[in-house]
Structures are given as C-alpha cells and as structure tokens.
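Reader: I've got the sequence and the fold up on my screen. Can you walk me through what's in there?

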Amino acid sequence: MADIRAICAIGLSGQLGLNGRLPWEGNKGREYVADVARFFEVTRGHVIIAGPATIASIPAFAYEDRTICEIRSNQHPEEVLAWFPDRVVFVGGGPPVWEAYAPYIRHWDITRLPYDGEADRWFDPSWLTASPKTAKP
C-alpha cells in the first residue's frame, strides 16, 4: 500500500491560495525561498498527484526526479492511489483535492509562513482528522 502524505504551506491565518496561485508567490523572503526548496527536497524520488492547476505550476526540472501525475475529480482516490503501490505519494493541490484525499493522508507536513494577507482559499483543519469512513464518494 502506498504511503500517502501531504506537504503544504499556509499563512498565519491558514491562507492557502489567491486567484489560483499561492498568495505569497514570488516573495523572495528567506522563509518563502526555503519553503520552496524544502518542498522539492522532500518530494524528490516520490510521487506527486495533483489537479491540473497545480500540475501546471510545477517547473520542468521537477519531472526529472519525481513521478508527477495529474488527477481529475471524476477519479476515485482509492483507484488513483492503487496506481502507486509501495510508493510515497504526496497529494498536492488545494481544497478540492485535499477534501477528497484527506481520509487517505497519513502524514501532513505543514509549514506556517509569515504571510498575513489576502486569500480566497483556506486550510481546513478537519482534513487532519478525516477518515475513510467519512470520505465522500
């Protein structure tokens, strides 16, 4: 069975996104640059599954040392996760993806960044305690 994980960064109030991007995207502050570098280090050699918007934001170099797979909302998480037996799978994306996959995620790696600005997507703490019994079909 795959080892299902999530890795994400959130702002001080749980901000995740703004207009389809990270709210702090392009910020050259030390914490932000370190977070991006850490993401690529932690996911190296593993699988990243994510929706189309997130996949489109992954730079070309990342495909060299990790498996990256675009997922769609009509695919059931159990079906997708079965494609990667005995692998570490990082679930990327945002609220729609994590809502569907949270019950299968066994480890959340969350970085709190010093961002305290605008957002239109937020981290939902209930994802941390979701179980397969509460998964939506």
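Reader: Which order do the strands of the open sheet take?
Author: Keep in mind that this is a predicted model. The open sheet has 5 strands, with parallel pairing. Strand 4 (67-70) and strand 6 sit at the edges, each pairing on one side only. Reading across, the order is 4-3-5-1-6.

Reader: How much are neighbouring strands of this sheet turned against each other on average?
Author: Take strand 3 (residues 47-50) and strand 5 as one pair: they run parallel and are joined by 3 bridges. Within that pair, Ile49 has Val91 of strand 5 as its bridge partner. For neighbouring strands of the sheet, direction ignored, the average turn is 25°.

Reader: What angle does the direction of helix 1 make with that of strand 1?
Author: Helix 1 packs on the sheet, where it touches strand 1, strand 3, strand 5 and strand 6. Its direction and that of strand 1 make an angle of about 175°.

Reader: Which element gives the largest share of the lining of the largest pocket?
Author: That pocket has a volume of about 1400 Å³. Of its 49 lining residues, the closest to the centre are Leu22, Thr54, Ser57, Gly93 and Gly94. Strand 1 (3-10), strand 2, helix 1, helix 2 (52-57) and helix 4 (95-101) are the elements giving two or more residues to the lining. The largest share, 7 residues, comes from helix 4.

Reader: And how many residues of that lining are charged?
Author: Let's split the lining of the largest pocket by residue type. Nonpolar residues number 26 and polar ones 14. The charged ones come to 9.

Reader: Is Asn19 buried or exposed?
Author: Asn19 is in the loop between strand 2 (15-17) and helix 1 (30-43). Its phi is positive, about 55°, although it is not a glycine. Its relative accessible area is 63%, and the cut-off is over 50%, so Asn19 counts as exposed.

Reader: Where does Asp86 lie?
Author: Here's another residue other than glycine with a positive phi, near 60°. Asp86 has 68% relative accessibility, so it counts as exposed. It lies in the loop between helix 3 (77-82) and strand 5 (88-91).

Reader: Which residues is His107 in contact with, leaving aside neighbours within four places in sequence?
Author: His107 lies in strand 6 (residues 107-112). It is partly exposed, with a relative accessible area of 40%. Its C-alpha atom is separated by 19 Å from that of Thr67, 40 residues apart along the chain. With those sequence neighbours set aside, the contacts of His107 are Ile4, Arg5 and Ala6.

Notes: Residues are numbered from 1 along each chain as its sequence is written. This is a predicted model: local features need pLDDT of at least 70, side-chain atom pairs count only at pLDDT 80 or more; totals for chains, interfaces and linings use all residues. Side-chain values use heavy atoms; hydrogens and water are left out. Helices (H or I, at least four residues) and strands (E, at least two) are DSSP runs, numbered from the N terminus. Buried means under 20% relative accessible area, exposed over 50%, partly exposed in between (1.4 Å probe, protein chains only). Contact means heavy atoms within 4.5 Å. On a 1 Å grid over the protein atoms alone, a cavity is a set of points where a 1.4 Å probe fits but cannot get out, and a pocket is an open set with protein on both sides within 12 Å along at least five of seven lines; lining residues have an atom within 4 Å of a point. Grid points are joined across faces, edges and corners, and a volume is the space filled by probe spheres set on the points. Ala, Val, Leu, Ile, Met, Phe, Trp, Tyr, Cys and Pro count as nonpolar, Asp, Glu, Lys and Arg as charged, and the others, Gly among them, as polar. Two strands pair if DSSP finds at least two bridges between them. Axes are lines fitted to C-alpha atoms, for helices over the stretch in contact, and angles run from 0 to 180 degrees between N-to-C directions.
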